[in-house]
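Me: Please give a close account of a single part of this model, residue by residue. I would then like to see that part set beside other local features and the chain as a whole.

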Amino acid sequence: IRQEVIAARLYTGPLFVKYNGVLRGLNAESQYLRGEMIRLCCSGDVAARYKAGETSFEAALGTMNKYTTTIHAINSCIVKSAKLTAASKIYRGIAGMALPPVFWTANEFGVRGGVERAFLSTTTDRSVAMGYAAGEGANYGLVFEIQQGMVDRGADISWLSQYPHERETLFGPLTGLEVQGTRVDGSVVVIEARLSVNLNALTIEQVISKLQRSHVGLLEGMADELRFSGAPQAVLDPLDALKAKAQVRGREFFNDASLFKQATTEALETREAALDLLGKRSTWARVEGAPQAVAKAMRQCAELLAEKELHEAAALLLVLAVERCPVPREVAERVDEVCRQKLLVPSKLHRSGLEAFDHFLFTQLGGRNVNKQPWPLTVRMLVKHFTGDAKGDQIAKAICRRRDVDGGVAQVQPFERAASAAARKGSALLHAASMGDVQAIQEALAMSGETAVNQTVAHGVTPLMLAARVGAADCVELLLAAKADATLKECRKGLGRSMSRHQSHGIDALALAAVCKGDEGVRCVDALLAANADPNSQSQPLIYAARLGHNTEVRSVLSLLRAGANVNAYDAHGKTALMYCALNSHGGLTKALLEDAEPTITGAPLSPSKTSIDVHWRKPGQLGPDLELQDADGCTALMLGSSSINQVDLLLRAGADPNHAVTRSPNHAGMLGVGVGTRHSLMGYTPLISAAEAGHARSVAALLAAGAEVNAFAKVDVDATIGYTALMAGAGSGDVSVVQQLLAAGSAVDAVDSGGSTAMVRCVLAGHTRVVELLTAAGAKDWDLMRDGVPRRQWKFNLRGAAGGLGATLTALPESIGECLALERLTLDGCAKLLTLPRAIRCCLALRALSLKGCTALTSLPASLPKLESLDLTDCVSLEALPECLLRRAEGPVESLTLLGCSKVLVELEQDEAGGGVASTSVVAAGNKGAVRLMVESEGGVVEAVDAAPYLEKMSGWLVDNGQRSMLLEPSSMGEE
């Protein structure tokens, strides 16, 4: 305070001209203001030489006293004292001077006035201002009449002024004066003005503590980013503690460069630790709250982690969100259906991953753009780590089809990560190229010279690659004009796991440009080809474009083909561009590769092609695509595209053989979904089997119409006489139309594969009851019969809780019980601590009898038990309701249902009856297999109605007397019986 008061008092004396001279002349373009500053603040010798032109302005500045500390102290005094000033009217008088025309002319915003670069002295005494305006010998004067406001106030410094009678009010530099109106008072022009003070002015303490405030602001920004994303308090605690520590440290600590660097490093490390903590399961296990709210916070934090390129942690949070708050019923049912089709029994973690993936596509991306940043690599991690290694890609693609999303989500390239890191760590030219900023590229080239145009950073990333990646055609053309090398490619060495396993030779600018959308992407490709970029380089631009076809322009692919790209080239997996187009259903690209200008059988346009595009590219002698090539797994393009009717139609019309089967020993079954969680080498696998397995009826119809062999089978051994047929594949998929077509085409209904399974066995295990009916009508044997008519053994599982055995302490069954596909009887009597049954028990499709006697803690049953015939719930006193499926099933209700002592269930049944009849005639009597047994208890003991179906058929409803624990049938409904 003392120093600020002294500085302000100095200003009120003659020294004010020096301080204002520095403020007005230091950065001025006016030679007059510069000269006045030199005259006032430099020695007389320097001022004379500058005036005579013997020394430069810069040289004079080197000898000048700029009064930096004093000016800061004066400004600090104004900022502090202004808060104590009354908002009164003030005046400023000027004599013998004229304001420039620009002051009086309104600018483009309709504002007249100007900004005072120096301190602005005013007075609350109008007579003082009028005296200054009159001056000595002045013919006219100016007086500013200003009304101060709540914010726009100056500092009343009359109490410390050397001239207190002037009642001075002082404003800091950069105060704005806006003209509101004018009037004439004698020889004085009165200008009515409004003030705008500089709100960014700092006090001395703020100037000295600028680095400390910057550090605290950095920590606050880090914490706010996490807090607004919904991070738990345990994640925020380390940053909050570091912020408190920074506030305790003195300003001098941060003004030391080495200590400031140390504190900044500590802050960055703490944030990294917080992000790492955010992605851990243990962090969220301690978070309490409503499941929906916690799950929402997890998904928000997952987006933050994805933006920070922590994609594996982001994927884990998506899975944890599903575990905390179960997904909607339709999502779970869709996942169940896909798993049944692929004969997959997922673990609990894998199931959560599948549900998270399905739910993510709809909620995060609106069911559409799977390449919306920052999600691509997170989605890939979700597929890779949390949906099962063996069938993760396949299941993900099946879910994508049901969500009407491009299946290429499972093949997103990680070049984004390498390129982004390179742009951040590289030069101004690299950053400008990554942003597609033409002007910034021009400036960077002007500063560094054209020799820097081919500079590389980590992994060999060049400016041309970065510009091509974002489809910035003007930037690509500018860099090529500056002699950028179009043949350079990203180096795979050092990228390790971040590099795609499909791209073994790195990526060049042409490959990156080939997957850009729109006219800009096409221009990039054409410019690179004109600059001698090789369409057959090791980067394989054509294959790269086909693999990521959801981003690729057809015209870019045609440019590559017309430039001589080898259409039959294959990558490390033996796949050609046509195979990738077929696999990922990129119809427009397939048409371009096949030179097919005809419409598809659907009549719908194939995005991204346009009907006006000329798809002809072959020159005389140039080979077209070989339709019968097989990849490393033995698959042809038709086989890979069999799940899309457009692809099947295009390839068949081009002459693809519908009976071209795998002729060598591939290892592709895991990719195509053959088998139950295993990988087989199946020779003879045909497009028809593939289409039937995927459940695509229209593709099956097209292949059959083209002459596909309906009874062809895939086999493990070359000499095998039995194998896996299209009917077995179709029965496993559960598509009724597929099975109908195959049966109509003469498929062998009782064919047996090498494992002894028939089509009937596969559809029963998958729970497809309508297909069972079709096969039964076609004469298929009972599915209980396996080889040679021998009934398969009945599996039993007993965990009775009596005598303190394992069941006595059992609280939950493992999700892996769903893998017991042949389990028929499950006894859990006396498991008093069992709370609920796992959801995976729905996969036990052979389960016929379930006994839960004495499971007193049991509160709910699974929503689906499709084959259950007998259910004993004696003394399940905590059970609140029965699943509706037990009474309303296409297969009919359970044959034996025991509810002795289930008081809460009986109450629920009574309430339901009052509300509309749970046990209406059509529900209870429909589809019964034999007798319906109702186990009830009356005063005389247990009564068993051995054949109650005739009574129930005539019931208008049932009444339950909870007090008597008995079931009463209405006599009026029973008649004589």
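Reply: **One helix and its cover**

In helix α36, which runs over residues 697-705, the buried residues are Ala697, Ser699, Val700, Ala702, Leu703 and Leu704. Buried here means under 20% relative accessible area, exposed means over 50%, and partly exposed lies in between, with a 1.4 Å probe and protein chains only. Helices are DSSP runs of H or I with at least four residues, strands are runs of E with at least two, and both are numbered from the N terminus. The model is predicted, so local features require pLDDT of at least 70 and side-chain atom pairs pLDDT 80 or more, whereas totals for chains, interfaces and linings use all residues. Residues are numbered from 1 along each chain as its sequence is written, and side-chain values use heavy atoms, with hydrogens and water left out.

An α-helix has 3.6 residues a turn, so residues three or four places apart point the same way. The cover over the buried residues of α36 includes α32 (637-640), α33 (645-653), α35 (687-694) and α38 (736-744). Such cover rests on contact, that is, heavy atoms within 4.5 Å. Just after α36, Gly707 has a positive phi of about 100 degrees.

Positive phi values also occur in residues other than glycine. Leu174 has a phi near 65 degrees and lies in the loop between β6 (168-171) and β7; its relative accessibility of 48% makes Leu174 partly exposed. Asp875, with a phi near 60 degrees, sits in the loop between β14 (870-872) and β15 (896-898). Asp875 is likewise partly exposed, at 37% relative accessibility.

Strand β7 (residues 175-185) contains Val179, a buried residue with a relative accessible area of 7%. Apart from neighbours within four places in sequence, Val179 contacts Phe103, Arg112, Gly113, Ile191 and Glu192. Between Val179 and Phe144, which are 35 residues apart along the chain, the C-alpha separation is 9.2 Å.

Phe103, one of the contacts of Val179, takes part in an aromatic pair too. The structure has seven aromatic pairs. Phe103 and Trp104 form one that is edge-to-face, at 5.4 Å centre to centre and 85 degrees between the planes. Rings of Phe, Tyr and Trp (its six-membered ring) pair if their centres lie within 6.5 Å; planes under 30 degrees apart are stacked, over 60 edge-to-face, and the rest tilted. Phe103 is buried at 8% relative accessible area, while Trp104 is partly exposed at 31%. The ring centres of Phe253 and Phe254 are 5.1 Å apart with their planes at 75 degrees, so this pair is edge-to-face. Phe253 is buried at 18% relative accessible area, and Phe254 is buried at 0%. Ring pairs also join Tyr11, Phe16 and Phe119 into a cluster.

Phe254 is among the contacts of Gln212, together with Ala246, Gln247, Arg249, Gly250 and Arg251, when neighbours within four places in sequence are left aside. Gln212 belongs to helix α10 (residues 210-228) and is buried, at 12% relative accessibility. The Gln212 side chain reaches the backbone oxygen of Arg249 at 2.7 Å. This is a polar contact: a pair of N or O atoms within 3.5 Å, in which, within protein, one must be able to donate a hydrogen and the other to accept it, residues adjacent in sequence counting only if both atoms are side-chain atoms.

Two arginines lie over ring faces. Arg34 is over the face of Phe57, 4.2 Å from the ring centre, and Arg547 is over that of Tyr580, 5.5 Å from the ring centre. The criterion is NZ of Lys or CZ of Arg within 6 Å of the ring centre and within 35 degrees of the ring normal.

The structure holds zero disulfides, a disulfide being a pair of cysteine sulfur atoms within 2.5 Å. Cys77 is buried at 6% relative accessible area, and Cys635 is buried at 0%.

Turning to the whole protein chain, there are 44 helices and 19 strands, and 51% of the 977 residues count as buried. Among contacts between residues at least 6 apart in sequence, 68% join residues at least 24 apart. The accessible surface comes to about 44000 Å², of which 53% belongs to carbon and sulfur atoms; areas follow the Shrake-Rupley method with a 1.4 Å probe, and for residues only the protein chains shown count as cover.
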